Amino acid sequence: QDKDRKMTEFWLISAPGEKTCQQTWEKLHAATTKNNNLSTNSKFNIPDLKVGTLDVLVGLSDELAKLDAFVEGVVKKVAQYMADVLEDSKDKVQENLLANGDGLLEQQWQAKCESESKHSSVIVPFLFIFKGVNQIDNDLKARASAYNNLKGNLQNLERKNAGSLLTRSLADIVKKEDFVLDSEYLVTLLVIVPKLNYNDWVKQYETLAEMVVPRSSNVLFEDQDSYLCNVTLFRKAVDDFKHKAREYKFMVRDFQYNEEEMKADKEEMNRLSTDKKKQFGPLVRWLKVNFSEAFIAWIHVKALRVFVESVLRYGLPVNFQAMLLQPNKKTMKKLREVLYDLYKHLDSSAAAIIDATMDIPGLNLSQQEYYPYVYYKIDCNLLEFK
């Protein structure tokens, strides 16, 4: 799965506006592309949001960290379930997991933010994303449960129709003419005869009990190890026959020929198989659309986190440039050094806070690496192929 594991990691960072935010962007872009291409960069536009009070922002910072983890979890669940549903076509998974920016959530978000006035509070998109992604999560659980149930039932039936002759269903093997039916005295048994013992069977079966019909045995089916044979005898000799057969390693299958039952089994299998095919297309489409919705929501959460963190770090008035970097895998260490050189001057105030052993709002040092600039990683390696 090498091609699925290619580097799809992005760094979302922000730095304070210099004379202009454009200057901040140009400086970063020049520094990372000057010597060799350390990263592919683009500006990351965040809409104007109402700041509110510092207390609200500090609280939101923690809540956004939780929302980020929740939305990422849903994105991964949808991606992984797409891989599960596509079963043998895992190479098709990536082409079905594309995020496009014209989804329903995106349109509703825009409308919502506009209706809440030009400067929307951070809380509006926060609540909106939570509601939308929570809905996707609940829908996924319901759809996955229904589809898995159907798939499980079908697999159980398929399992019944496979496996060894001792356990598998014989409905698709035996025919009506293999049996003596509706006889008051005679009955046809089905016997599993190991291939190694077949010559013994041919020699012995007529004498295993009294009243076995001569030359009544035929091979109806074979698997790797055994033959399925029929034999007809008088009903009253059945117990004797079974007992004696066991001594020779011939196993009599407990089987009653019942056309109605066998027909019902086949119909059930066809029904489940048809249902699965019917549900497959709409389910893949739903996963495709909702992967895109959830992924875009996830990027919006990152945008909100960058906004809140930048205001908390760099202060008011709001003046920072957010930038999206896709690091070159081979030069990540070098890129870190370049970014540190560019922004280490921001660290004096942060260092003072850390020395004072205070928590930086929104910064959990055990979970998040600390840099002088605001930094969030977006890891797009969403699939764990089993």
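Trainee: At what angle do α5 and α8 pack, and how far apart are their axes?

Mentor: In this predicted model, α5 and α8 pack at about 155 degrees, and their axes are 9 Å apart.

Trainee: So what do we call that arrangement of α5 and α8?

Mentor: Roughly antiparallel, because an angle over 145 degrees counts that way. The crossing of these two helices is left-handed.

Trainee: What sort of residues make up the contact of α5 with α8?

Mentor: By class, there are 20 nonpolar, five polar and ten charged residues in that contact.

Trainee: How do α2 and α5 cross?

Mentor: Helix α2 covers residues 54-86, and its axis comes within 10 Å of the α5 axis, crossing at roughly 25 degrees. Angles under 35 degrees count as roughly parallel, so α2 is roughly parallel to α5.

Trainee: Is that crossing left-handed or right-handed?

Mentor: Left-handed, as α2 passes α5. The residues of the contact of α2 with α5 divide into 19 nonpolar, two polar and six charged.

Trainee: New topic: holes. How many cavities of 30 Å³ or more are there?

Mentor: The count comes to one cavity of 30 Å³ or more. About 30 Å³ of space lies in the largest cavity.

Trainee: Which residues line the largest cavity?

Mentor: The lining is made by L157, K160, N161, S169, D265 and M269. Two elements, α5 (123-160) and α8 (259-314), each give two or more residues to that lining.

Trainee: And how does the lining divide by class?

Mentor: Into two nonpolar, two polar and two charged residues.

Trainee: Okay, sheets now. What's the strand order in the sheet that has β6?

Mentor: That one is an open sheet of four strands, in the order β6-β7-β5-β8, and the pairing is antiparallel.

Trainee: Which strands stand at the edges there?

Mentor: β6 (218-222) and β8 (251-253). Each has a single partner strand, so one side of each is left without a neighbour in the sheet. From one strand to the next, the twist averages 35 degrees.

Trainee: How many bridges are there between β6 and β7?

Mentor: Four, and β6 pairs with β7 (residues 226-234) in the antiparallel sense. If you want a spot to look at, find F221, whose bridge partner in β7 is L228.

Trainee: What about the sheet with β1 in it, what's its order?

Mentor: The order is β2-β9-β1-β10, again an open sheet of four strands with antiparallel pairing. Its edge strands are β2 (39-43) and β10 (374-379), and each pairs on one side only. Neighbouring strands in this sheet are turned by 25 degrees against each other on average, direction ignored.

Trainee: Which residue stands opposite I13?

Mentor: I13 stands opposite M323 in β9. The strands β1 (residues 9-16) and β9 (residues 320-327) pair in the antiparallel sense over six bridges.

Trainee: Last thing, backbone oddities. What is the peptide bond from L316 to P317, cis or trans?

Mentor: Cis, with omega near -5 degrees. You'll find P317 in the loop between α8 and β9.

Trainee: And what's the phi of D182?

Mentor: Near 55 degrees, which is a positive value in a residue other than glycine. D182 lies in the loop between α5 and β5 (186-194).

Trainee: Why point those out?

Mentor: Because most residues other than glycine have a negative phi, and most peptide bonds are trans.

Note on methods. Residues are numbered from 1 along each chain as its sequence is written. This is a predicted model: local features need pLDDT of at least 70, side-chain atom pairs count only at pLDDT 80 or more; totals for chains, interfaces and linings use all residues. Side-chain values use heavy atoms; hydrogens and water are left out. On a 1 Å grid over the protein atoms alone, a cavity is a set of points where a 1.4 Å probe fits but cannot get out, and a pocket is an open set with protein on both sides within 12 Å along at least five of seven lines; lining residues have an atom within 4 Å of a point. Grid points are joined across faces, edges and corners, and a volume is the space filled by probe spheres set on the points. Ala, Val, Leu, Ile, Met, Phe, Trp, Tyr, Cys and Pro count as nonpolar, Asp, Glu, Lys and Arg as charged, and the others, Gly among them, as polar. Axes are lines fitted to C-alpha atoms, for helices over the stretch in contact, and angles run from 0 to 180 degrees between N-to-C directions. Angles under 35 degrees count as roughly parallel, over 145 as roughly antiparallel, 65 to 115 as roughly perpendicular and the rest as oblique. A crossing is left-handed if the near helix is turned anticlockwise from the far one by less than a right angle, and right-handed if clockwise. Two strands pair if DSSP finds at least two bridges between them.
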